[in-house]
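Trainee: I should like to understand how the descriptive terms used for a protein model are justified. May we go through them one at a time?

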Amino acid sequence: MKKSRKLTISIILLLIFMTVGYLLLLLAYSGARWIALIVFLVYIFVVYFLIKTTRPLIKALKEKEKYT
């Protein structure tokens with residue numbers, strides 16, 4: 001399997017499991033809702049920058065695979 005495809009699959013799985021983990025945390029947490037909102041904003045921040053930083057890496061890997 002190509003490296004770019006492996007990386008893409010691993011990033012997708014990471015995002016899925018992060019989302020499931022956040023949803024389970026919401027179900028179990030019984031504290032203040034503003035703390036849950038802050039955790040959600042941190043989650044969105046992490047997801048945004050994860051996607052933003054891995055997109056060029058995946059493109060570079062695809063270019064490298066094209067020439068090898």
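Trainee: Why is Glu 63 called partly exposed?

Mentor: The model is a predicted one. In it, Glu 63 has a relative accessible area of 37%. Buried would require under 20% and exposed over 50%, so a value of 37% makes Glu 63 partly exposed.

Trainee: How do you know whether Lys 66 is buried or exposed?

Mentor: The relative accessibility of Lys 66 is 57%. The cut-off for exposed is over 50%, and therefore Lys 66 counts as exposed.

Trainee: What makes the meeting of Glu 63 and Lys 66 a salt bridge?

Mentor: The N to O distance between the two side chains is 3.4 Å. The limit is 4 Å between a side-chain nitrogen of Lys or Arg and a carboxyl oxygen of Asp or Glu, so the pair of Glu 63 and Lys 66 qualifies. The structure holds one salt bridge. Its two residues lie three residues apart in helix α2 (residues 33-67), which means that about one helical turn separates them.

Trainee: How many aromatic pairs does a search of the whole structure find?

Mentor: The search finds five aromatic pairs. Among them is the pair of Tyr 22 and Tyr 43, with 5.6 Å centre to centre and 10° between the planes.

Trainee: Why is the pair of Tyr 22 and Tyr 43 called stacked?

Mentor: Ring centres must lie within 6.5 Å for a pair, and planes under 30 degrees apart count as stacked. With 5.6 Å and 10°, Tyr 22 and Tyr 43 satisfy both conditions, so the term stacked applies. This pair links distant parts of the chain, for Tyr 22 belongs to helix α1 (residues 3-28) and Tyr 43 to helix α2, 21 residues apart. Tyr 22 has a relative accessible area of 11%, and Tyr 43 has one of 15%. Buried means under 20%, so Tyr 22 is buried, and so is Tyr 43.

Trainee: Why is the pair of Phe 40 and Tyr 43 called tilted?

Mentor: The ring centres of Phe 40 and Tyr 43 are 6.3 Å apart, and their planes stand at 35°. Stacked needs under 30 degrees and edge-to-face needs over 60; an angle of 35° meets neither condition, so the pair is tilted. Both residues lie in helix α2, three residues apart, about one turn of the helix. Phe 40, at 33% relative accessibility, counts as partly exposed. Ring pairs join Phe 40, Tyr 43 and Tyr 22 into a cluster.

Trainee: Which residues make up the largest nonpolar core?

Mentor: The core has eight residues in all: Leu 7, Ile 11, Leu 15, Tyr 43, Val 47, Leu 50, Ile 58 and Leu 61. Helices α1 and α2 each supply at least two residues of this core, and the largest share, five residues, comes from α2. In soluble globular proteins, nonpolar side chains tend to be buried together.

Trainee: What do the buried residues of α1 pack against?

Mentor: They pack against α2. The buried residues of α1 are Ser 4, Leu 7, Ile 11, Leu 15 and Tyr 22. Leaving aside residues up to four places away in sequence, Leu 7 touches Leu 57, Ile 58 and Leu 61. On a similar basis, Ser 4 is in contact with Ile 58, Leu 61, Lys 62 and Glu 65.

Trainee: How do you know that Ser 4 is buried?

Mentor: The relative accessibility of Ser 4 is 5%. Since buried means under 20%, Ser 4 belongs in that class.

Trainee: Which backbone oxygen does the side chain of Thr 54 reach?

Mentor: The side chain of Thr 54 reaches the backbone oxygen of Leu 50 at 2.8 Å. Thr 54 is found in helix α2. At 12% relative accessibility, under the 20% cut-off, Thr 54 counts as buried.

Trainee: What makes the span of α1 close to the expected one?

Mentor: Helix α1 has 26 residues and reaches 37 Å from its first C-alpha to its last. The expected value, at 1.5 Å a residue, is 38 Å, and the span of α1 is close to it.

Technical notes. Residues numbered from 1 in each chain as written. Predicted model: local features only at pLDDT ≥ 70, side-chain atom pairs only at ≥ 80, totals over all residues. Heavy atoms only, no water. Helix = DSSP H or I, 4+ residues; strand = E, 2+ residues; numbered from the N terminus. Buried < 20%, exposed > 50% of the residue type's maximum accessible area, 1.4 Å probe, protein only. Phe/Tyr/Trp six-rings, centres within 6.5 Å; stacked < 30°, edge-to-face > 60°. Core = buried A, V, L, I, M, F, W, Y, C linked by side-chain atoms within 4.5 Å. Contact = heavy atoms within 4.5 Å. Polar contact = N/O pair within 3.5 Å; in protein donor to acceptor, adjacent residues only side chain to side chain. Expected span 1.5 Å × (residues − 1).
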